[in-house]
Structure formats: C-alpha cells, structure tokens
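Open the model in your viewer and keep the selection tool at hand. The stops below take you through it one selection at a time.

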Amino acid sequence: MNKNCVFETDMADERVDMYKKINNLTEVDGIKVETNKNNGFITTNVEVLNESGSKAISKEIGKYVTMQIENINYMEEEEKKNIVNELARVITELIGKDTQKSVMVLGLGNINVTPDALGPKVVNDVDITRHLINFAKELVEQDTRPVCAIAPGVLGTTGIETSEIVDSIVKKINVDMIIAIDSLASQSVNRLGNTIQISNTGITPGSGINNKREGINKKALGIPVIAIGVPTVVDMATITNETIDKMIGNVNVEGNFSDASKEERYNVIAKLLNTENYMVTPKDIDNVIDKVSKLIVKAINLSLQEN
C-alpha cells in the first residue's frame, strides 16, 4: 500500500520525486515524466494522466512543464533568448494560436512583498491590446489578439477573495482564457528564483505554504487557465528537514530520528521550531524577481503575438 505525502511545495516534479522516494518507487502510476537538458536549462515534463496520479501527488490531471535555469544571475543573452523562446513555445502550445481568443493576464500576489511580487511585476510590462482593439482599431494590426491584464491584490489588502474578483471580471468582459502568474513554494533552496513551472490546470493561491485559497481554474471559471509560477520561498522546517535528510544520507546517525520518515521528521521539526508562519527567501530576491519577471514578460508577449 502506497503512503500518502504531505507536500510543502507547489512544484509538480518535486512532488513526484517525493512520492517515489517515500514509497520506494521508480515510477508513479498515472504519471508520466520526461526530462530534457537544453542550452542553459533543464526541462521536466510531468503529465498527470488520471485520478490515480492526481491523488498520489495532489495535483490536478493535466500538464506541468518545469524549466530549471542553471544560473539566472549570470546568463548570456543567447541563453536568455533560448529560455524565452522555449517558454513562449510551451505557452503557445497550451493556449493555442487562435488570435480571436481573448486573454487576460492575471498577476497574483502582493506588490509590496518582494517574494510575492512576481505576478504584479509581470502585469506591469505585458503588452495589452484590448482597449486599442475596442477604441482605436486603426492603431493595431487586423489579427491582433485582445489582451488585458490585472493585478487584483490579495485578500489581506482588498478584503475580497481573488477568485471572486477574477470571476466577476471574466463574466463582465467575456474573457476566453487566463494566463495566471504567481510566486510558488519549493522544497529546496536551490530552486528558488531559477525555476519556472507552466501548467494547464490553473492555480490555487497559497497551496504550497498552508494558506490555500479558492482555486482559479477551468472548473471554477469555465474557461482555460494557464498557470506560470516561480518558487520564491521555502518554509523554515522544510529547509531544516532537507538538511537532516542529506546528513542522514551521508553519515550514520544513531537513534530513532534517523529511522523516521521525511514527513515524520518534518512534523517534529515544525513543532519544535514553531515555524508555521516563517518562510525563507534568497537575500537577493529583488534582483531575482526582476530578472525572472522579464523573462516571463518577453515569453508571454511573444506567445500572444504569434499568428
């Protein structure tokens, strides 16, 4: 009988690896994984095929593409171009090339909290066209796709669930699809700021940090929702647990603690350190958010301009 996992990460590939490790498996029923190394980044495709796979990693049935950049702070222009082109290709594959379909770019998060500011920063620089198509058609080409964008803020500052705001807008302006951008949680400090996940299953804000909000997805809104996310935080107990896990893997640690599962150790650590409300982010997070947001903006603009 397979063991269930408590995931402290939004990343689909990390959840697959964790599930395989805790259950001593080489593959997971209902999940297909393929990894490719490109120039400057590694792409991992995780496809959740059925309910069995969905239950195993607590992710919706659909596609999850993860791009891990080797070093975002020291990329050459050619490497940036390759990443943007691949990201744009994946987005185009998920949204389709029909330029009659309108798109709303949704920037989730809090612009005043740097690790959570990715979504709003992307929205600030996306090329929007809906207003021009509606009120100044002579300024745009005939096949220009209608694109609008919004950063609705967070529940703590608006008093309104983000899903309620988005649902109201979708119904009012008849949006055909959404591209949602959000900051994510990872289980490894090595992936913060240098990993991009794209999926066709929508997004549940706060799900990786035990602050789960109402889902923004096709089931809730009735239209396709493409999610683009970047891990920017790891919770403190996860970092401690990861360190102990590596230590136990390299040295012989005596005592019952070394025999405990990763989930059991996590629960003990979280309780001892009282880390429920503590998240860790890189010290250069301002620079990281700036660099990765520019890559995402360029990719979105490129994919939405394609005919």
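## Stop one: helix 3

Select the buried residues of helix 3: Ile 83, Val 84, Glu 86, Leu 87, Ala 88, Val 90, Ile 91, Thr 92 and Ile 95. This is a predicted model.

What do the buried residues of helix 3 pack against? Show strand 2 (41–48), strand 3 (62–69), strand 6 (177–185), strand 7 (195–199) and strand 8 (225–235), then add helix 11 (285–305). The buried residues of helix 3 pack against each of these elements.

Now select the whole helix, residues 77–95. Helix 3 has 19 residues, and at 1.5 Å a residue it should span 27 Å. Its end C-alpha atoms are 27 Å apart, which agrees.

Step just past the end of helix 3 to Gly 96. Gly 96 takes a positive phi of about 85°.

## Stop two: helix 4 against helix 11

Keep helix 11 on screen and add helix 4, residues 118–125. Two packed helices are described by the angle between their axes and the distance between the axes. Here the angle is about 50°, and the axes are 9 Å apart. Helix 4 and helix 11 are therefore oblique to each other. Helix 4 passes helix 11 in a right-handed crossing.

Which residues meet there? On the helix 4 side, select Leu 118, Lys 121, Val 122 and Asp 125. On the helix 11 side, select Ile 289, Asp 290, Val 292, Ser 293, Ile 296, Val 297, Ile 300 and Asn 301. Colour this contact by class: seven residues are nonpolar, two are polar and three are charged.

## Stop three: two asparagines in loops

Go to Asn 24, in the loop between helix 1 (12–22) and strand 1 (31–37). Its phi is positive, near 55°, in a residue other than glycine. Is Asn 24 buried or exposed? Its relative accessibility is 72%, so Asn 24 counts as exposed; the cut-off for exposed is over 50%.

Next, select Asn 174, in the loop between helix 7 (162–173) and strand 6. Asn 174 is not a glycine, yet it has a positive phi of about 55°. Asn 174 is exposed, with a relative accessible area of 58%.

## Last stop: the whole chain

Zoom out. The chain has 11 helices and nine strands. Of its 307 residues, 48% count as buried. Now consider the contacts in the chain with a separation of 6 or more. Residues 24 or more positions apart account for 70% of them.

Key. Residues are numbered from 1 along each chain as its sequence is written. This is a predicted model: local features need pLDDT of at least 70, side-chain atom pairs count only at pLDDT 80 or more; totals for chains, interfaces and linings use all residues. Side-chain values use heavy atoms; hydrogens and water are left out. Helices (H or I, at least four residues) and strands (E, at least two) are DSSP runs, numbered from the N terminus. The expected span of a helix is 1.5 Å times one less than its number of residues. Buried means under 20% relative accessible area, exposed over 50%, partly exposed in between (1.4 Å probe, protein chains only). Contact means heavy atoms within 4.5 Å. Axes are lines fitted to C-alpha atoms, for helices over the stretch in contact, and angles run from 0 to 180 degrees between N-to-C directions. Angles under 35 degrees count as roughly parallel, over 145 as roughly antiparallel, 65 to 115 as roughly perpendicular and the rest as oblique. A crossing is left-handed if the near helix is turned anticlockwise from the far one by less than a right angle, and right-handed if clockwise. Ala, Val, Leu, Ile, Met, Phe, Trp, Tyr, Cys and Pro count as nonpolar, Asp, Glu, Lys and Arg as charged, and the others, Gly among them, as polar.
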